Amino acid sequence: MIHPTNKNMQTIYKYLIPAFLLVTTAGCKKFLNVQPVNEVSDASTIVDATSSETAVRGVYRTMAQNYYGGLYETFGYLGGDDIVWTGSQSVIQQFISHAITSDNDNLETVWAGIYQTINGANEVIAKVPTVVDPTFAAGQQNQLTGEGYFIRALAYFDLARVWGGVPITLVPTTTATQKNGIARSTLAQTYAQVLSDLNTADSLMSLPSSQNPVRANKETAWALKARYYLYQQSWANAEAYANQVIADNTNYQLLTPFSSWFQPASAVATKESVFELSYNATYTNSSRGYWQPPANGGTRQWAPNSALVALLTDSSIGGGRSALVAELAATSTWYGNLFYRSPATDPSYIIRIAEVYLIRAEARAQQGELSGALADLNTIRTRAGLPNSAAVSQSDILLAIEQENRLEFALEPHRWFDLVRTGRAVAVLGVTNPDNLLFPIPITEIQLNPLLNQNPGY
């Protein structure tokens, strides 16, 4: 979290990504194959094939450190009904009680981190296509540019589902004042930008030649399109793009047993992942510290509540997903155990193939393709060691899919967003004020940009 006195500096820093983009990648050995240049000016950050590759990897690192890998994920599960806050800071409790204030430090941290990522992607999109270097491998320049478009699409998608319509910036900025004159776009315009970027990414990126989920490819764009169309309730399109990803069972597979996609510690970048972000001993994933208890070197600031523990540890409901939680010996203290490595090199799981199956299941159910929906639902249940679902009617199948999403992604940022997009937040969470389904724009951003109006109710 950002100390209140640092808010303005944080907002300014997010516009300066081109100047230090390469420096932030220097310590990542697995993620980086090239050694970045230290201290380069904006005019020379992207000048050849090597610096183009390094810059793209730097944007992934910015996303992993300043966006995913900690606070953004909390937006997806703290607002649900399965996670409790064990600390005393009201800044976190606001998300659980659905009473977030615009001066909440975590809002500013995440907003800044996402726009920092967007600015890095804009730098790649603007400059990589202009580089003239005969050492580019065939298709490499298009691939790198496409990755910039994919990252920007994901960033605007995540902004939209948290805040609604947001300011859209498509060119690199180097100062905070350059963005002050940009008003908010509507939600429809923001989602239109997401789709435009995904279409461009799809056209530029290549199909994967081998399994490598830490870098986006054409099929990664298809997977995000499937999620995008699910949110738009464009069921046929969601099903079509899910079909295309699932069809590649060479690179993407549901692994058995359930825990094998995250255990043992060597299980990273597995075929379960369509897209994940990697970490190492230098650049660690802060999620581990939040979930693990002090006995394991963490703080256990958030933890599965008793209801979630009961579901996951009931072999007839959770099946193999009981591996997501653990109990301290000789205590009744339960903790989330998806992020457990020491040092904290746990990946951030952005899209798993299990999600793509459940996207297709929901899309099929919504179109009345109940047998196909059940087939996908039962594929997920079978992998978890559970019998086929007893659901028969369309409404029952949709509720069964909702429950399967809840358990499959219990410690991933899905639950809140799923209940909001399906209109079920009122019934399940008791959120009666529709204004609370969107978060407030950080007050610091509004103070800096007079054209940035606040969401209703805040």
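The following exchange concerns a predicted model of a protein chain and the terms used to describe it.

Colleague: What is the overall make-up of the protein chain, and how many of its residues are buried?

Modeller: The chain contains 18 helices and six strands. Of its 458 residues, 60% are buried. Its accessible surface is about 16,600 Å², and carbon and sulfur atoms account for 54% of that surface.

Colleague: Why is α7 called roughly parallel to α9?

Modeller: The axes of α7 (residues 140–163) and α9 (residues 218–231) cross at roughly 20° and come within 11 Å. Angles under 35 degrees count as roughly parallel, and therefore α7 is described as roughly parallel to α9. The crossing of the two helices is left-handed.

Colleague: Which residues of α7 and α9 meet, and what is their chemical character?

Modeller: From α7, the residues are F150, A153, L154, F157 and R161; from α9, they are T220, A221, L224, R227, Y228 and Y231. This contact divides into eight nonpolar residues, one polar residue and two charged residues.

Colleague: What makes A49 a buried residue?

Modeller: The relative accessible area of A49 is 7%. Buried means under 20%, so A49 qualifies as buried. A49 belongs to helix α3 (residues 49–66). Neighbours within four places in sequence aside, A49 is in contact with V131, D133, T135 and F136. One of these, D133, is 84 residues from A49 in sequence, yet the C-alpha atoms of A49 and D133 are 6.2 Å apart.

Colleague: Why is Q233 called partly exposed, whereas A330 is called exposed?

Modeller: Exposed means over 50% relative accessible area, buried means under 20%, and partly exposed covers the range in between. Q233 has 47% relative accessibility and therefore counts as partly exposed. A330 has 89%, so A330 counts as exposed.

Colleague: What is noted about phi in Q233 and in A330, and where do these residues lie?

Modeller: Phi of Q233 is near 60°, a positive value in a residue other than glycine. Q233 is situated in the loop between α9 and α10. A330, likewise not a glycine, has a positive phi of about 60°. The loop that holds A330 runs between β4 (325–327) and β5 (334–336).

Colleague: Where do P257 and P264 lie, and what kind of peptide bond joins each to its partner, T256 or Q263?

Modeller: P257 is in the loop between α10 (235–246) and β2 (273–277), and P264 is also placed in the loop between α10 and β2. T256 and P257 are joined by a cis peptide bond with omega of about -5°. Q263 and P264 are joined by a cis peptide bond with omega of about 0°.

Notes: Residues are numbered from 1 along each chain as its sequence is written. This is a predicted model: local features need pLDDT of at least 70, side-chain atom pairs count only at pLDDT 80 or more; totals for chains, interfaces and linings use all residues. Side-chain values use heavy atoms; hydrogens and water are left out. Axes are lines fitted to C-alpha atoms, for helices over the stretch in contact, and angles run from 0 to 180 degrees between N-to-C directions. Helices (H or I, at least four residues) and strands (E, at least two) are DSSP runs, numbered from the N terminus. Angles under 35 degrees count as roughly parallel, over 145 as roughly antiparallel, 65 to 115 as roughly perpendicular and the rest as oblique. A crossing is left-handed if the near helix is turned anticlockwise from the far one by less than a right angle, and right-handed if clockwise. Contact means heavy atoms within 4.5 Å. Ala, Val, Leu, Ile, Met, Phe, Trp, Tyr, Cys and Pro count as nonpolar, Asp, Glu, Lys and Arg as charged, and the others, Gly among them, as polar. Buried means under 20% relative accessible area, exposed over 50%, partly exposed in between (1.4 Å probe, protein chains only). Accessible areas come from the Shrake-Rupley method with a 1.4 Å probe; for residues, only the protein chains shown count as cover.
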